[in-house]
Amino acid sequence: MRKILRFLKSIWILNFIRRISIGSRYFNKKYLDIIKWGFTSREDTNFTYHITKDNLAYLTHTIAVVTKMSYSQIAEYIDEVQTDEKLRDTILAALENSSEKRFADKEVRFGRRLGWYAFVRAIKPRIVIETGVDKGLGSAILCAALLKNREEGKEGRYYGTDINPKAGYLLEGKYRELGEILYGDSIESLSQLTEKIDLFINDSDHSADYEYQEYLTIKHLLTEDSIILGDNSHCTSKLADFSLETGRNFIFFKETPLNHWYPGAGIGISYKEK
Ligand SMILES: C[S@@+](CC[C@H](N)C(=O)[O-])C[C@H]1O[C@@H](n2cnc3c(N)ncnc32)[C@H](O)[C@@H]1O
């Protein structure tokens, strides 16, 4: 039998088909995910999904290493937001009241933004900036973290930037009290800022040059404690480059979506060692 198999493998075309079949097995499930998603989702951009259990554990470990906090403390923060029914209800109610609901799903899926939440809870920033707000899922989860920090006596403020005047409709209720959205070109809005930035999240125009310009624009507002999260680091090395140029560490967390065709984005993390 072995001899027959070896003989068949030695015929180039038969082995070619066998090898292509081995390779495609890694992607076939994705086609099923695409078809399922085509029927069940309304999203056509900025896709949302849950991440796998293992991936969430890796995210928790990554944040624990960067913040020098324990795994269990970071896991507690993530669990806190995953079980926050008020936040979920506020987001779903805001969605229901929006004309954009035709293009969104009635399920809250934070994906890597759970990591953004944990960072805010861990470092208790006074100023959080998120460039690129879109519907406002990031805005809502970041302001929810600031709200919890406030309950612990640590005040913080959120500023989002977006060129789209309709952006940010999910930031509602008590969460809106903690933040505001600066409408217009992000670089122009960032140029007006004077306060030091504790947590900066880049997620606006995803071209490499624009991303880099954002970092240069806020460079003078960074401190030794500031953390930058790059939502474009799965596409460009700009945050890694900026980190090298400014004596910062850089690591990248790769997201693994659960039962979704999208290959996942990630979180580039730029920080200074203490
Ligand atoms: C990927 S979405 C942001 C997603 C959001 N951070 C979240 O958590 O869901 C990118 C957003 O950047 C905005 N944008 C694109 N170019 C921009 C620019 N030059 N200035 C400000 N916002 C911009 C788009 O309008 C879009 O809403």
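Here is a short conversation about a surface patch and a ligand site in a predicted model.

Author: Residues are numbered from 1 along each chain as its sequence is written, and side-chain values use heavy atoms, without hydrogens or water. In this predicted model, local features need pLDDT of at least 70 and side-chain atom pairs pLDDT 80 or more, while totals for chains, interfaces and linings use all residues.

Reader: Why is Leu5 called partly exposed?

Author: Leu5 lies in helix H1 (a DSSP run of H or I, at least four residues, numbered from the N terminus). Its relative accessibility is 48%, and buried means under 20%, exposed over 50%, partly exposed in between (1.4 Å probe, protein chains only). Therefore Leu5 counts as partly exposed.

Reader: Which helices supply at least two residues each of the nonpolar patch?

Author: Helix H1 (2-9) and helix H2 (12-40) do, and H2 gives the largest share, six residues.

Reader: What makes the atom pair of Glu130 and the ligand a polar contact?

Author: A polar contact is a pair of N or O atoms within 3.5 Å; within protein, one must be able to donate a hydrogen and the other to accept it, and residues adjacent in sequence count only if both atoms are side-chain atoms. A polar side-chain atom of Glu130 lies 2.7 Å from a ligand nitrogen, so the pair falls within 3.5 Å.

Reader: How far from a ligand nitrogen are the atoms of Ser186 and Tyr210?

Author: For Ser186, a backbone N or O atom lies at 2.9 Å; for Tyr210, a polar side-chain atom lies at 3.2 Å.
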